[in-house]
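Please open the model in a viewer and keep the selection panel at hand. The tour proceeds from one selection to the next, with a short account of what is found at each stop.

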Amino acid sequence: STISRLWQLLPEGKGDTGTALTLLGGSMAALGLWKWLGRKRIQRKMEEARRTREEGMKKMAKAVQQFREQVNHPPWDAILSLPLLELSGRLQEGSLSPRTVLYTYLEKALEVTQQTNCLRHFIPECEEQLREIERRTEKGLLYGIPVSIKDHIGHKGHLATCGLMQCLDTVMEEDSVLVKVLKKQGAIPFAMTNVPQSLFSYECSNPIFGQTLNPLNPQRSPGGSSGGEGALIAGGGSILGMGSDVGGSILTGPVNGILAVPCALGPMARDVDSLALCMKALLCQEMFQLDPSVPPIPFNEEVYSSSAPLRVGYYDTDGYFPLPPCMRRAVKETRSALQAAGHQVSTTTPCPDPQGVPSLAPRNIVDPGLKAQVNSCKMPRLVKKLLALLLKPLVSACPSGQEQGLPGVTLVTAAQCHVPKEPRAFPVPPPG
């Protein structure tokens, strides 16, 4: 113990116990002071991040107000009602200006985040990007389209926080590949959206920027980890957004070096045609040159536009991890919808061999690091259930990372993830 170690350092004699206790008390006081100073430092960083966000929102609100004063009766509602394909067509032909469209969505995004806290930060450079595309002679496929991006998608000069305090010191030195391609195609990234702490959550809340609410029902969560994007798009504050699942090569993630589970990155919108237009724009030569991990296969318009019936295979179990009822129901409803549309739907299995995962390693040729996992797949389901019952008390008795004093580990309790019964008001300035 600490007292025993201190005792060994002291000479023999009277008062040794008192001296040891004095040293112990001083050490504990110093430790307490060190922890207190650490918490204060963290608190200052979070307050600075919130202050920067609020200043950015005030700047955007002021810009929107100035635009309103310059343009009499801008067609806000008419623009917000346009689907992406029609909006893009109007921008391409020149009947709508990128400037009007951008400020329309800036104002709407301010309104939506006031209700939901879906934005992490506005991107002031959107005005610079606007001026840049207005000078262009060639228009990209996304010319003049305002685009929102998820927190961890790198944008030059901005943070990619992943909802973590440790990322508040790191400013992106250049745009991510995705942002570069979007700008090349004429899109205007205008806002970064909120995410859950570490991204690994079905919620959308972090201790820096707070909790994001569902715009359709504030009693519910918008989900995660792209919850900020979902809330902004569902509330009408963005017509096209960029979300992701897990974390990957061209993005910033909470954990470096995850190569075995690649990132699923893609557009988010309110209809399929919008997603198709975005994919046409992204699958371009610029993308293939900047990111060698993307296969150089352009969007196949012929296949997308074809009305020929498709043959679709599906499954609702892989034989190892049974689906919950809600997901099984979603698969069933999708199957029915495809059949009603005239497509051929048939069941399939992820692995043709009933042995599943073990069959992928014939003759027991398995990497040592995977042997335990493969052997667990070979066990009968009954044995797995019995082991789960036996091991559950041991797992629940293990202390959390925070209780063990591990650095950088934050304990998030169920109470912290609770959605409030009443909608909260967030300190965002009104646009008008």
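Which residues of H8 are buried? In this predicted model, they are Gly227, Gly228, Glu229, Ala231, Leu232 and Ile233.

**The whole chain**

Before going further into that helix, display the entire protein chain. Its secondary structure amounts to 14 helices and nine strands. The chain has 432 residues, of which 37% are buried. Of the contacts between residues at least 6 apart in sequence, 69% connect residues at least 24 apart. With a surface representation switched on, the accessible surface is about 25,300 Å², and carbon and sulfur atoms contribute 58% of it.

**Helix H8 and its surroundings**

Now select residues 227-234, which form helix H8. This helix is mostly covered, with six of its eight residues buried. To see what surrounds them, add H5 together with strands S1 (119-122), S2 (146-150), S3 (188-193), S6 and S7 (264-268): the buried residues of H8 pack against each of these elements. Then move just past the end of H8 to Gly236, where phi is positive, at about 90 degrees.

**Ser238**

Continue to Ser238, in the loop that runs between helix H8 and strand S6 (241-245). Is this residue buried or exposed? Ser238 counts as buried because its relative accessibility is 0%, and the cut-off for that class is under 20%. Show the side chains here: that of Ser238 makes a polar contact with the side chain of Ser148, at 2.8 Å. Leaving aside residues up to four places away in sequence, Ser238 touches Tyr105, Ser148, Phe190, Leu232, Ile233 and Arg270. Two of these neighbours, Leu232 and Ile233, are among the buried residues of H8 listed at the start.

**Salt bridges**

The next stops concern charged side chains. Side chains of opposite charge can pair when their charged atoms come close. A search of the whole structure yields twelve salt bridges, and three examples follow.

Select Lys58 and Glu54, whose side chains form a salt bridge with an N to O distance of 3.7 Å. Both residues lie in helix H2 (residues 16-70); because they are four residues apart, about one helical turn separates them. An α-helix has 3.6 residues a turn, so residues three or four places apart point the same way. Lys58 is partly exposed, at 47% relative accessible area, and Glu54 is also partly exposed, at 31%.

Proceed to Glu134 and Arg99, where a salt bridge joins the side chains at 3.2 Å, N to O. This pair links distant parts of the chain, 35 residues apart: Glu134 belongs to helix H6 (residues 126-134) and Arg99 to helix H5 (residues 98-116). Glu134 is partly exposed, with 36% relative accessible area, and Arg99 is partly exposed, with 29%. Helix H5 has already appeared on this tour as one of the elements against which the buried residues of H8 pack.

Finally, select Lys280 and Glu301, which form a salt bridge with their closest N and O atoms 2.6 Å apart. Here too the pair links distant parts of the chain, 21 residues apart, with Lys280 in helix H9 (residues 272-282) and Glu301 in helix H11 (residues 301-305). Lys280 is partly exposed, at 28% relative accessible area, and Glu301 is partly exposed, at 34%.

Key. Residues numbered from 1 in each chain as written. Predicted model: local features only at pLDDT ≥ 70, side-chain atom pairs only at ≥ 80, totals over all residues. Heavy atoms only, no water. Helix = DSSP H or I, 4+ residues; strand = E, 2+ residues; numbered from the N terminus. Buried < 20%, exposed > 50% of the residue type's maximum accessible area, 1.4 Å probe, protein only. Polar contact = N/O pair within 3.5 Å; in protein donor to acceptor, adjacent residues only side chain to side chain. Contact = heavy atoms within 4.5 Å. Salt bridge = Lys/Arg side-chain N within 4 Å of Asp/Glu carboxyl O. Areas by Shrake-Rupley, 256 points an atom, 1.4 Å probe, with all protein chains shown as cover.
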